[in-house]
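Let's take a stroll through this protein together. Have a look at the sequence and the 3D view, and then we'll start with one helix.

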Amino acid sequence: MEKVVFCYNPRFELMPREKLKDMQLKLLKRQLQYVYNFSNLYNEKLKAAGLKPEDIKTLNDIEKIPVTVREDIENYIEKTGDPYGGICCVWTEGRQVNLTQVLKGFPGEKPIYIAGTVDDFLVLTEQFVRQWRMMEIGKGDVVILQIDGRAGSHLGMVSTTHPAYRPDVSRILNCKVLTVTYITPIEVGRTLQYLKFFKASTVVALPQLFSALNEAFKAQGKTPKESGIKKIVLTTRERGLSDAARGRLKEVWGCEVYNIAYVPESQFYAVDCQAHKGLHFWEDMFIVEALDENNQPVNPGEAGKLTITNLWAEGSPLIRFKTDMNIKLSIETCECGRTHARIIPVD
């Protein structure tokens, strides 16, 4: 097994699976008690299922918990007028909500609000730091980051927008973060300027930005390989980049291509490492299942819908949140040495 070189928190990233499972069970029991007490939506769902938090004795007992889909939250908003859809837990505890993200979703989906606390920020920052370090982003790197409006802005966790407030990814990893937003001629031009004057080494963005940059280089009589980019990190909502698409992008740009699949409702991010054999997520932060159409776990090696339980969020935790993404789960230790499971997107 190869030695992990780019590892931020080896205590957790390399934790034996037995300890990871013990930790997950403790966190699951705590989180279920928390949402039962403070989430209106989950209090209703658990009572309707005849389930109490103390009924969870083992990790397999998670199958007793009702599945939640985005439509459940949207329906609760429509029924009650609560913009958080009954999942916000912090008001009844008298704690301040320090971030409210508006998640617009895909066409046809209604906007929902996600609340966050200071502690949520810290855990989310830890998640990002581990993943950026896994992609070999570190000291001296200049990163161009595209803010995706559909997912809400996580800029506060990544760059120094609140320098006296809390640590962020750029300060922890000692890298510089430059931001762009929607794909317009102005933003494409700004990205080109960042590449030219700041010698940016990494671009974290949606696929559409790379297509627009490719056209801009052609208009200048240049190729993307002349950009100086060493790493592309492609962000996709609930989808990973196929191996074929990764190969094409790598050929055009002449650099390493990484993949981020994210589910903003659960504040879940999965990223591949240098091995590119599935997308890593952190099992000390999430429980991930692959479920069939009847919400039952699929057999090993079979594809099911990505279903996520957030074990850390205080503001708007989601339990067994089922998405439309087809995945397989791999629990084998990765070539990079990390012990956490990986999701493998399935077409």
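Asp-243, Arg-248 and Glu-251 are exposed on one side of helix H10. Keep in mind that this is a predicted model. Now turn to the other side of H10, which spans residues 243-253: here Ala-245, Arg-246, Leu-249 and Trp-253 are buried. Looking down the axis of H10, you'd find these buried residues within an arc of 100°, so they line one face of the helix. Right after H10 comes Gly-254, with a positive phi near 65°.

Trp-253 also turns up in one of the nonpolar cores. In soluble globular proteins, nonpolar side chains tend to be buried together. Here are two separate cores side by side:

| Core | Size | Residues include |
|---|---|---|
| Largest nonpolar core | 76 residues | Ile-65, Trp-132, Phe-268, Leu-306, Ile-343 |
| Second core | 23 residues | Ile-144, Val-203, Leu-209, Trp-253 |

The five names in the top row are those with the most contacts inside that core. Helix H2 gives the most to the largest core, with seven residues. And what does Leu-306 touch? Leaving out residues up to four places away in sequence, its partners include Phe-268, Val-288, Glu-289 and Ile-343.

Val-288 and Glu-289 bring us to the largest pocket: together with Lys-21, Leu-329 and Ile-331, they are the closest to its centre among 22 lining residues. This pocket holds about 620 Å³ of space. Strand S10 (286-291) and helix H2 (17-38) each give two or more residues to the lining, and S10 gives the most, with four. By class, the lining has 12 nonpolar, four polar and six charged residues.

Terms used:
Residues are numbered from 1 along each chain as its sequence is written. This is a predicted model: local features need pLDDT of at least 70, side-chain atom pairs count only at pLDDT 80 or more; totals for chains, interfaces and linings use all residues. Side-chain values use heavy atoms; hydrogens and water are left out. On a 1 Å grid over the protein atoms alone, a cavity is a set of points where a 1.4 Å probe fits but cannot get out, and a pocket is an open set with protein on both sides within 12 Å along at least five of seven lines; lining residues have an atom within 4 Å of a point. Grid points are joined across faces, edges and corners, and a volume is the space filled by probe spheres set on the points. Ala, Val, Leu, Ile, Met, Phe, Trp, Tyr, Cys and Pro count as nonpolar, Asp, Glu, Lys and Arg as charged, and the others, Gly among them, as polar. A nonpolar core is a set of buried Ala, Val, Leu, Ile, Met, Phe, Trp, Tyr and Cys residues joined through side-chain atoms within 4.5 Å. Buried means under 20% relative accessible area, exposed over 50%, partly exposed in between (1.4 Å probe, protein chains only). Contact means heavy atoms within 4.5 Å. The arc is that of the directions from the helix axis to the C-beta atoms.
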